Amino acid sequence: MKRFFLPCLLLISSALSAQQMRITPQIYKLTEAATAIASLYVDTVKEDKLVGDAIEGMLHKLDPHSSYIPKEEVAKMNEPLEGNFEGIGVQFNMLEDTLYVIQTIAGGPSEKVGILPGDRIVYVNDSLIAGVNMSTTDIMKRLRGKKGTSVNVKVVRRGTKGLIDFRIIRDKIPIYSLDAAYMLTDKTGYIKLNRFAANTYKEFLEALLKLKSQGMQYLILDLKGNGGGYLNTAIDLADEFLLKDQAIVYTEGVHQHRTVDVATSRGFFEEGRLAVLIDEYSASASEIVTGAVQDWDRGVVVGRRSFGKGLVQRPVPLMDGSMIRLTVARYYTPTGRCIQRPYDDGYEKYQHDLIDRYNRGELQHKDSIVFPDSLRKETLLFKRTVYGGGGIMPDIFVPLDTLRYTDYHRSMANKGVIQKSVSNYFDIYRNELNEKYPSFAEFKAKYEVPRQLLDILVENAKADDVKLPEDLNEIFKNKILLTQLKAIVARDLWDMQEYYEIVNVDDDILAEALRIIENGELYDDLLIKPKMKNEK
């Protein structure tokens, strides 16, 4: 008889301390059932899959964020937060079943051997990867590998006959969590973070000090779309804004005693006007930072209600290299708010919450958002009303303007037509663009989306069955679309910061934050006046 499951169970438990191990009759019952299936079932059982499915089933019943990660997915899951991976160092897009190089990482392996933006990689180690319906995951497996190992690629380059052979020595490739940091005005700086990773605090601090050296007095921190990451990184970041001994966050669970994290005296931006931008995709670590800033009345929060993830996951490694990410505690803002949105109605309902928000008009109308009085709290300095139980509600609500985006624009974006069109345009005009715009300042001031790019866009849209307006001038005059195209061109010529410097021009949330932060009386009205009204 097979004895696979009981040793597995005991080794899983060995990842925990002796005090945490509880082999109850119910757990033995689970082991007995699994052993019986593996030993007696009429057909052959794939034990790895059976155990994985059983673990997934158990976690699925607990909460929406406890999860099981198979062995082959563990390293991939950690890459965005650890801050690097090992590979060849290119940013690419898969367009029409072909790998287009968008950028090479500065100083990376591909740049060193001469790979250029616009190149199309068609062979990897003599395996054809273009035009064969190979998945992006399979292509990445071929390109990535241990530092010091080599990979041979064959490239098609516009203007060069035949294939070009390259031998690339893989290396560690950095993943950056800071997308942009620049001065919006003479006094106001802007920092955009896309995640809270191991290197985020270092990147943020370098950017903060650089902006302060350029005269920054006020800061706008953009956490829109930031899904979170490491708790410790969020604590370090919030520490830059808060005074010594002010609470940042506390965590607590049935098996985890309350742990409070407080600010130190090291903050480099404890004074000066601050605005934090959030939207419905800002979650977890983003909400920790935003909640601490809001609870201490340290700055103004602008945007739309955040995602609402207030559960802390702990990684539990298993014997075969797989992992459980188990919810072990809830985190609370300094006022005691748990911003985790309810999940009592089941996993499916929880997963559809953002769609439900849109359908009931919450993203367009502040009045559609209702918080129960039982979750009402007051901020710690100026006694403003805030609520828990479902994300961070901004101090200033900025609705989603659905009228700005046409059906054909959304369809082109969803089908990848916009990015593909810019790549096609670059394939033809890259050298000309580099010569005409040697600096981003010249590009930002003078570049206008040309008719050539718009014609390529229309042709690609037709090829992908996008229903276009009868009058194509509607496309040629679509301000949001033109801004997006210009921003992508800027990104492909330079990097993500230049993309945001263009696209932020049409960002309603950023515009509102800038209006508030540069008006001292308005800024103070939002933070201090509520206390004066309450005292009356």
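## Nonpolar cores

A nonpolar core is a set of buried Ala, Val, Leu, Ile, Met, Phe, Trp, Tyr and Cys residues joined through side-chain atoms within 4.5 Å. In this predicted model, the largest such core has 93 residues, and I191 and V489 are the members that touch the most others. Leaving aside residues up to four places away in sequence, V489 is in contact with V422, Y425, F426, L433, F443, Y447 and L453.

Apart from the largest core lies another one, made up of 17 residues. Its members include V101, I115, V124 and V155. Two of these residues, V124 and V155, appear again in the strands described next.

## Strands β5, β7 and β8

In a regular strand the side chains alternate between the two faces of the sheet. Strand β7, residues 150–156, shows such an alternation. V151, V153 and V155 point to one face and are buried, whereas S150, N152, K154 and V156 point to the other face and are not buried.

Strand β7 pairs with two strands considered here. With strand β5, residues 120–124, β7 forms an antiparallel pairing over four bridges, and within that pairing V124 stands opposite V153 of β7. With strand β8, residues 164–169, β7 is again antiparallel, over six bridges. Here N152 has R167 of β8 as its bridge partner.

## The six-stranded sheet

An open sheet is built from six strands in the order β10-β11-β12-β15-β16-β21, and its pairing is mixed. The edges are formed by β10 (178–183) and β21 (396–397), each of which pairs on one side only.

Within this sheet, strand β15 (residues 274–278) and strand β16 (residues 300–303) run parallel and are joined by four bridges. A275 is matched with V300 in β16 as its bridge partner.

## The β13–β14 hairpin

Strand β13 (residues 247–253) and strand β14 (residues 256–262) are antiparallel partners over five bridges. The connection between β13 and β14 is a hairpin of two residues. In this pairing, T251 has T259 of β14 as its bridge partner.

A salt bridge also links E252 with R258, with the closest N and O atoms 3.5 Å apart. E252 has a relative accessible area of 31% and is therefore partly exposed. R258 is likewise partly exposed, because its relative accessible area is 48%.

## Helix α9 and the buried pair R337–D295

All eleven residues of α9 are buried, so this helix is largely enclosed by the rest of the structure. The buried residues run from A285, S286, E287 and I288 through V289, T290, G291 and A292 to V293, Q294 and D295. Just after α9, D297 takes a positive phi of about 55°.

D295 forms a salt bridge with R337, the closest N and O atoms being 2.5 Å apart. R337 belongs to the loop between β18 (323–332) and α10 (347–351), while D295 lies in helix α9 (residues 285–295), so the pair ties together parts that are 42 residues apart in sequence. R337 counts as buried because its relative accessibility is 2%, and D295 counts as buried because its value is 0%.

## Salt bridges and a shared network

Side chains of opposite charge can pair when their charged atoms come close. The structure as a whole contains 29 salt bridges. One of them joins the side chains of E362 and R357, with an N to O distance of 3.9 Å. Both E362 and R357 are buried.

E362 and R357 also belong to a wider arrangement, in which salt bridges that share partners join R305, R341, D353, R357, R360 and E362 into one network.

## A nonpolar patch on the surface

The surface carries a nonpolar patch formed by I37, Y41 and V42, which together have about 320 Å² of accessible area. V42 is located in the loop between α2 (25–40) and α3 (47–62). V42 counts as exposed because its relative accessibility is 69%, and exposed residues are those over 50%.

Technical notes: Residues are numbered from 1 along each chain as its sequence is written. This is a predicted model: local features need pLDDT of at least 70, side-chain atom pairs count only at pLDDT 80 or more; totals for chains, interfaces and linings use all residues. Side-chain values use heavy atoms; hydrogens and water are left out. Patches are made of residues with over 30% relative accessible area and no salt bridge: like charges are joined within 9 Å, nonpolar side chains (Val, Leu, Ile, Met, Phe, Trp, Tyr) within 5 Å. Accessible areas come from the Shrake-Rupley method with a 1.4 Å probe; for residues, only the protein chains shown count as cover. A salt bridge is a side-chain nitrogen of Lys or Arg within 4 Å of a carboxyl oxygen of Asp or Glu. Buried means under 20% relative accessible area, exposed over 50%, partly exposed in between (1.4 Å probe, protein chains only). Contact means heavy atoms within 4.5 Å. Two strands pair if DSSP finds at least two bridges between them.
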